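Biologist: I am new to this structure. Please take one part of its interior, look at it closely, and then show me how it fits into the rest of the chain.

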Amino acid sequence: MAKRGRAAGRNAGTSTPGVVEVPKGSRPDGPVAGVYYIDTGDCELIPDQDNSTGWLLRINGVMSSHIDLADPLFLDFEYMRWIAALVESRWPPPTRPKLRALHLGGGACSLARYFHAAYPDARQVVVELDGKLAEYVRGWFDLPKAPLLRLRVGEAREVTESLTPQTRDLIIRDVFAGSVTPRPLTTSEFTGHAKRVLAPGGIYLVNSGDAPALANAREDAATIAAAFEHTVIIADPAMLKGRRYGNMIIAGSDAPFDDDPGLARRLLGGAVPAHIWHDAKVRAFAAGAAVRHDPEAAVPLAVVPTSANPKAADPKAAVPTSSTAP
């Protein structure tokens, strides 16, 4: 479901047939086109026909990631560019903040490579469910080493619940099983764990993939708006109007998102122009949608308020009590 940033109809997704056999206990020394067996199925590494240093990664039949070996600051998927723009609006790279980022969902580690280049002092952890895939990605793409970038094999919710409070500035949820995010990573209870792990001023950010009806995105927005005082949504106009399948970026924070004209211009200037909705429009979009809960949680479904004041929400819904893009 992830849409690439350049024109559709190109031949970059053409696969190279054949299974690549990697001897047990070894790691690939650079990318080689072909199909690889991984713990959760298979993945395919595909050369980008329009970019001699670019590679696409397809996981279990779903396009997941793009990497440019020569330029980590190049992001081919538009939703990743929107994430980068929002993060850089909060933490301008020239100030060299020591950003602490948690990526839930690994794929090819495109965003982690980007943030390493933009924030050389950052400390990042990428959580990937598939251990064999994580091993391959390390070998294919020469990722930064720990402590700058750690790949942690595990289930995203279990890892998040194990983390110390207020130890991350940024949490990105980009986890998919096929075209949907596993429900345990979308509930109010999980969102509460993410909020607990964030430091003051931190951002919880999700890639919400959806169909034109936008039912999933509305519930994601309702759940995040019930937990955080400040929210934003970034998506292209066709997606916001329910005219296509695609990706919507939804973020929450305990600190306001600045009305940054530079961010708005940057979002409009991409190959796929995007709009940003601030808190009042996010809550209006989510109005009437259910806040998701864990099945075992004895909490009735709540509805996000249309008011920008989160205290107007059902107080039970506001209490906080596996991988990658579609």
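Modeller: Helix α1, residues 78-90, contributes three residues to the lining of the second largest cavity, and no other element gives more. This is a predicted model. The space in the second largest cavity comes to about 80 Å³. Its lining is made up of L86, S89, R90, V232, P256, F257, D258, L263, I276 and H278. Sorted by class, six of these residues are nonpolar, two are polar and two are charged.

The chain can be followed onward from helix α1. P93 sits in the loop between α1 and β5, the latter covering 100-104. P93 has a relative accessible area of 22%, so it counts as partly exposed; the cut-off for buried is under 20%. Beyond its neighbours within four places in sequence, P93 is in contact with E88, A118 and Y119. A117 is 24 residues away from P93 along the chain, yet their C-alpha atoms are separated by 9.7 Å.

Contacts also link this stretch to strand β8, residues 168-173, where D169 is found. D169 has a relative accessibility of 13% and therefore counts as buried, despite being a charged residue. Setting aside residues up to four places away in sequence, D169 touches W91, K98, L99, R100, L198, A199, G202 and I203.

The largest cavity offers a second view of the interior. The volume of the largest cavity is about 100 Å³. Its lining has 13 residues, and H103, G105, G106, L111 and D174 are the ones nearest its centre. Helix α2, residues 110-118, supplies the largest share of that lining, with three residues. Six residues of the lining are nonpolar, six are polar and one is charged.

One of the residues nearest the centre of the largest cavity, D174, is also touched by L104. The other contacts of L104, leaving out residues up to four places away in sequence, are V127, A156, T160, I171, I172, R173, V175 and F190. L104 belongs to the largest nonpolar core, which has 36 residues; L104, I171, Y204, I233, M248 and F285 are the members that touch the most others in it. Helix α6, residues 215-227, gives this core its largest share, six residues. Another core lies apart from it and holds 35 residues, including W82, Y114, I203 and L267. In soluble globular proteins, nonpolar side chains tend to be buried together.

Helix α6 also holds R218. With a relative accessible area of 31%, R218 is partly exposed, because that value falls between the 20% and 50% cut-offs. R218 touches A213, F285, A286 and A289, again not counting residues up to four places away in sequence. Of these, F285 is among the most connected members of the largest nonpolar core. The C-alpha atoms of R218 and V291 are 9.2 Å apart, although 73 residues separate them along the chain.

For the setting as a whole, the chain contains 10 helices and 12 strands. It has 326 residues, of which 55% are buried. The exposed surface is about 13,100 Å², and 55% of that surface comes from carbon and sulfur atoms.

Key:
Residues are numbered from 1 along each chain as its sequence is written. This is a predicted model: local features need pLDDT of at least 70, side-chain atom pairs count only at pLDDT 80 or more; totals for chains, interfaces and linings use all residues. Side-chain values use heavy atoms; hydrogens and water are left out. On a 1 Å grid over the protein atoms alone, a cavity is a set of points where a 1.4 Å probe fits but cannot get out, and a pocket is an open set with protein on both sides within 12 Å along at least five of seven lines; lining residues have an atom within 4 Å of a point. Grid points are joined across faces, edges and corners, and a volume is the space filled by probe spheres set on the points. Helices (H or I, at least four residues) and strands (E, at least two) are DSSP runs, numbered from the N terminus. Buried means under 20% relative accessible area, exposed over 50%, partly exposed in between (1.4 Å probe, protein chains only). Accessible areas come from the Shrake-Rupley method with a 1.4 Å probe; for residues, only the protein chains shown count as cover. A nonpolar core is a set of buried Ala, Val, Leu, Ile, Met, Phe, Trp, Tyr and Cys residues joined through side-chain atoms within 4.5 Å. Contact means heavy atoms within 4.5 Å.
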